[in-house]
Amino acid sequence: MSGVQYLSDRCSLVGDSLLWKFFGLAMATPNVISLSVGEPDFKTPWHISEEGVYAIEKGKTYYSPTRGQLELRKGICSYYKRRFGIGGYDENNVLVTVGASEGIDLACRTLLNEGDECIVLDPGYIAYEPSVLLAGGKPVYLKLEESKGFKVTPEVLESVITDKTKMIILNYPSNPTGGIMLREDYEAIEPILKKHHIVAVADEIYLELTYDQPKCSIGCLTDIKDQLVILNGFSKAWSMTGWRLGFVMADADIITAMNNMHQFTTMGPATPAQFAAIEAVSEKSDKDIEEHRLSFKGRRNYLVNQLNRMGLRTVMPQGAFYVFANITPTGLSSYDFCVRLLNEAKVCVIPGTAFGPSGEGFVRISYAYSLEELKLACGKIQEFLKQFNIPQE
């Protein structure tokens, strides 16, 4: 007998991700260098962790308000104003979530009706399409092109809109491509979003990790503020992956609706983690963010230069901590390249197809690892590539 007979039809909508499949393979293979997961190798800055420790010592281990600690919600608004110039939000526009991942789920379940279409980027982060499906929506791919910096352009956006389009999920800086959107890029698509009354859900968890251009939040589009849902979290910029803390900024009525769902599921993040986050969004943490950003930028420069030297054409990513390397010179599919690299060179990277059909011909390589690990991995990748006789610089 099996319990499978009792599963809901909803379970068939999602399955194992290629990302986690390869992560599992790496864990099971001895002596592997894994460049697979987007987790910073920095520890959470101690002055942030210390506030979490103090909260526990002082007995602040009670239930939090479901919307999140008031001081944290106010601090998030101040943080967005200080770091990105985005104002006009107050504590009623903020919901604190269990990681940005809960924010993605809440946005889909709050905004999508059965059969509503939601535009998802291709390639794009692995969680968006499943979240749309589980909310009863229909994902519609918007194909991104390397030649255009993996940006959303007005022409391509307009081409995928139908009378059923309700929402688009954006992620800039992008996982997996490292692409970014500048203010002029957002302003170019604003009239389209306004004309069709499309809600833009923007996952900005990598916004602090923008390297050669000004950091730009979609919150700059003040004319369609009621159509914007901004997601962010503490995992990447502050190296707080295990704290499981994120937040949503949106119209107060949308936040109220999200909270109504949120309070019956998670009820809210851990209270001590929120006291640590209050410290994280304060001005005292700005120097930590900048130190991490500069370190990632140096790793990015090294990795991209090495891959291009080996003959794997790689566009310089402008944000996040991933490169989306073009492996077509090998003649292998993305999946086969990753399997063989893991088995023959003991280096784990992720097939581009884990992030959508347009990821074929690419692999995602994370540089959220030490420079020493990146150097060792590059040496192994170069040795692996010799069999393909790819011209090298």
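This text goes through the pockets, the salt bridges and one sheet of a predicted model.

The pockets come first. Rolling a probe the size of a water molecule over the atoms shows where empty space is left. The largest pocket holds about 850 Å³ of space. Its lining consists of 44 residues, and those nearest the centre are Leu19, Trp20, Tyr125, Ile126 and Ala127. Four elements each give two or more residues to this lining: helix H1 (18–28), helix H4 (99–111), strand E3 (117–122) and helix H5 (128–134). Sorted by class, the lining has 24 nonpolar residues, 13 polar ones and seven charged ones.

The second largest pocket has about 160 Å³ of space. Here 14 residues make up the lining, and Gly149, Gly179, Val315, Met316 and Gln318 are the ones nearest the centre. This lining is made of six nonpolar, six polar and two charged residues.

The next topic is charge pairing. The count of salt bridges in the model is 17. In one of them, the side chains of Arg83 and Glu208 meet with a nitrogen-to-oxygen distance of 2.9 Å. Arg83 belongs to helix H3 (residues 70–84), while Glu208 sits in the loop between strand E6 (199–203) and strand E7 (228–233), so this salt bridge ties together parts that are 125 residues apart in sequence. Glu208 has a relative accessibility of 3% and therefore counts as buried, because the cut-off for buried is under 20%.

A second salt bridge joins Arg313 to Glu146, with 3.1 Å between the closest N and O atoms. This pair also links distant parts of the chain, 167 residues apart. Arg313 is in the loop between helix H10 (286–310) and strand E9 (322–326), and Glu146 is in the loop between strand E4 (138–143) and helix H6 (154–160). How buried or exposed are the two partners? Arg313, at 46% relative accessibility, counts as partly exposed, whereas Glu146, at 15%, counts as buried.

A third salt bridge lies within a single helix. The side chains of Arg183 and Glu187 meet at 3.0 Å, N to O. Both residues are in helix H7 (residues 183–196), and because they are four residues apart, about one helical turn separates them. Arg183 is partly exposed, with a relative accessible area of 45%. Glu187 is also partly exposed, at 38% relative accessibility. Elsewhere, salt bridges with shared partners connect Arg82, Arg83, Glu208 and Asp286 into one network. The pair of Arg83 and Glu208 described above is a salt bridge between two members of that network.

The last topic is a sheet. Three strands form this open sheet, in the order E9-E12-E11, and their pairing is antiparallel. E9 and strand E11 (350–351) are the edge strands, each of which pairs on one side only. E9 runs antiparallel to strand E12 (residues 362–366), and five bridges join the two. Across this pairing, Tyr322 stands opposite Ser366 in E12. E9 also bounds a loop already mentioned: the one that carries Arg313 lies between helix H10 and this strand.

Terms used: Residues are numbered from 1 along each chain as its sequence is written. This is a predicted model: local features need pLDDT of at least 70, side-chain atom pairs count only at pLDDT 80 or more; totals for chains, interfaces and linings use all residues. Side-chain values use heavy atoms; hydrogens and water are left out. On a 1 Å grid over the protein atoms alone, a cavity is a set of points where a 1.4 Å probe fits but cannot get out, and a pocket is an open set with protein on both sides within 12 Å along at least five of seven lines; lining residues have an atom within 4 Å of a point. Grid points are joined across faces, edges and corners, and a volume is the space filled by probe spheres set on the points. Ala, Val, Leu, Ile, Met, Phe, Trp, Tyr, Cys and Pro count as nonpolar, Asp, Glu, Lys and Arg as charged, and the others, Gly among them, as polar. A salt bridge is a side-chain nitrogen of Lys or Arg within 4 Å of a carboxyl oxygen of Asp or Glu. Buried means under 20% relative accessible area, exposed over 50%, partly exposed in between (1.4 Å probe, protein chains only). Two strands pair if DSSP finds at least two bridges between them.
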